[in-house]
Amino acid sequence: MSTSTQEKRTELSDSQKKFIAPFVKMTKDVFSMMLGWQVDLIGVLTNDSSASRHDCSGIVGLSGAIRGSVVISVDQEVAISAAGSFIGERPDSINSDVIDTVGELANMIGGASKDKMGISGISVGLPTVVTGKDHRVSFEPGAHVEMLQFSSPHGPLTVEIAVVGLVL
Amino acid sequence: MKVLVADDSGIMRKIIIRSLNAVGVSDIVEAADGQEAIDAYKAEPVDLILTDWNMPNKSGLDVVTEIRALGSTVPIIMVTTEAQKSQVIAAIQAGVSDYLTKPFEADDLRAKLDKFVAA
């Protein structure tokens, strides 16, 4: 991942808390309602280009009133377990069901969160999924990036929100 | 009873089909985008449609509009992350019969299906 600024914060400002709140809530709701999993927020990294990424990333673009993207990144075990919960049979490896699962998680988290950001006129694009160890997801130069780190029953996951032109 | 399930996400189609199977529906047609859904309905009308909103080619809203323009009164359930009031109103005005927002719990989807499968 590359970002134009490299800034770490240990404490969140009020505006940051307000910005990430819909994404924290909807990530918890998506995993709880769709999969019956409890996921807990364990950390937030701001504009940290050294933050580690997991095996599979689902990406949706944001356009209209704001420009940016939402990325969910999960380890293979999380992706396969989630797909297994959805279809009732655990896949042996990363297959089309697993890819679709990660894409749909990105779609639901991004799509449901944007309606709760208090900004009208945001559109969410169709999801794209990237897999593989050490894969890269590059954001637009100048994007402000918040990486939300969650724990889940099947391993860690992250949700990143990258928005251009946002000052928090 | 024949049901059309339109969603560009294969996993979401499987989730919906699992629920349909659970209420005794096995005659199911799948569409991976809006145009496929419209073409499938024109080729062979069904008794119930579940459609996503955001899909390639044509949207779920286009699906509803075009199928209603055919004079069809088939029940259509929109299953989508689009939850803003203006969008729900737009869908209702286009002619959707019911609306389910993602994320949902299995019981939420089951309740919607029970309403139309039992009808």
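# Working through the chain B–chain A contact

Ten is the number to start from: 10 residue pairs are in polar contact across the interface of chain B and chain A, both residues of each pair at pLDDT 80 or more. (A polar contact is an N or O pair within 3.5 Å; within protein, one atom must be able to donate a hydrogen and the other to accept it, and residues adjacent in sequence count only if both atoms are side-chain atoms.) The model is predicted, so local features need pLDDT of at least 70 and side-chain atom pairs pLDDT 80 or more, while totals for chains, interfaces and linings use all residues. Residues are numbered from 1 along each chain as written, chains are lettered from A and ligands numbered from 1 in written order, and side-chain values use heavy atoms, with hydrogens and water left out.

**Exercise 1. Work out how much area chain B and chain A bury between them, and which residues of chain B supply the most.**

Step 1. The two chains bury about 1,800 Å², with 58% of that on carbon and sulfur atoms. Buried area here is the accessible area (1.4 Å probe) lost on putting two parts together, summed over both.

Step 2. On the chain B side, Ile11(B), Thr81(B) and Pro103(B) supply 34% of what chain B buries against chain A, more than any other three residues.

Step 3. Now count heads: 22 residues of chain A and 21 of chain B take part in the contact, where contact means heavy atoms within 4.5 Å.

**Exercise 2. Find the salt bridges across the interface, then the element of chain B that gives the most residues.**

Step 1. The rule picks out three salt bridges between chain B and chain A, a salt bridge being a Lys or Arg side-chain nitrogen within 4 Å of an Asp or Glu carboxyl oxygen. One of the salt bridges joins Lys14(B) to Asp97(A), at 2.7 Å from N to O.

Step 2. Helix α1 (residues 10–22) gives the most to the side of chain B that touches chain A, namely six residues. (Helices are DSSP runs of H or I, at least four residues; strands are E runs of at least two; both are numbered from the N terminus.)

Step 3. Sort that side of chain B by type and you get eight nonpolar, six polar and seven charged residues. The bins: Ala, Val, Leu, Ile, Met, Phe, Trp, Tyr, Cys and Pro are nonpolar, Asp, Glu, Lys and Arg charged, and the others, Gly among them, polar.

**Exercise 3. Decide for Arg18(B) and Thr81(B): buried, partly exposed or exposed?**

Step 1. Arg18(B) sits in helix α1 and is partly exposed, at 41% relative accessible area. The cut-offs are under 20% for buried and over 50% for exposed, with partly exposed in between (1.4 Å probe, protein chains only).

Step 2. Thr81(B) belongs to the loop between β4 (76–80) and α4 (85–94) of chain B, and is buried at 3%.

Step 3. Leaving out residues up to four places away in sequence, Thr81(B) touches several residues, including Asn107(A), Asp115(A) and Lys102(B).

**Exercise 4. Trace which residues are linked with Lys102(B) by salt bridges.**

Step 1. Start with its partner Asp52(B): the two side chains meet at 3.7 Å, N to O. Asp52(B) lies in the loop between β3 (48–51) and α3 (60–69), Lys102(B) in the loop between β5 (98–101) and α5 (106–117), so the pair ties together parts of chain B 50 residues apart in sequence.

Step 2. Check burial: Asp52(B) is buried at 3%, and Lys102(B) is buried at 3%.

Step 3. Widen the search, and Glu104(A), Asp7(B), Asp52(B) and Lys102(B) turn out to be linked in a salt-bridge network.
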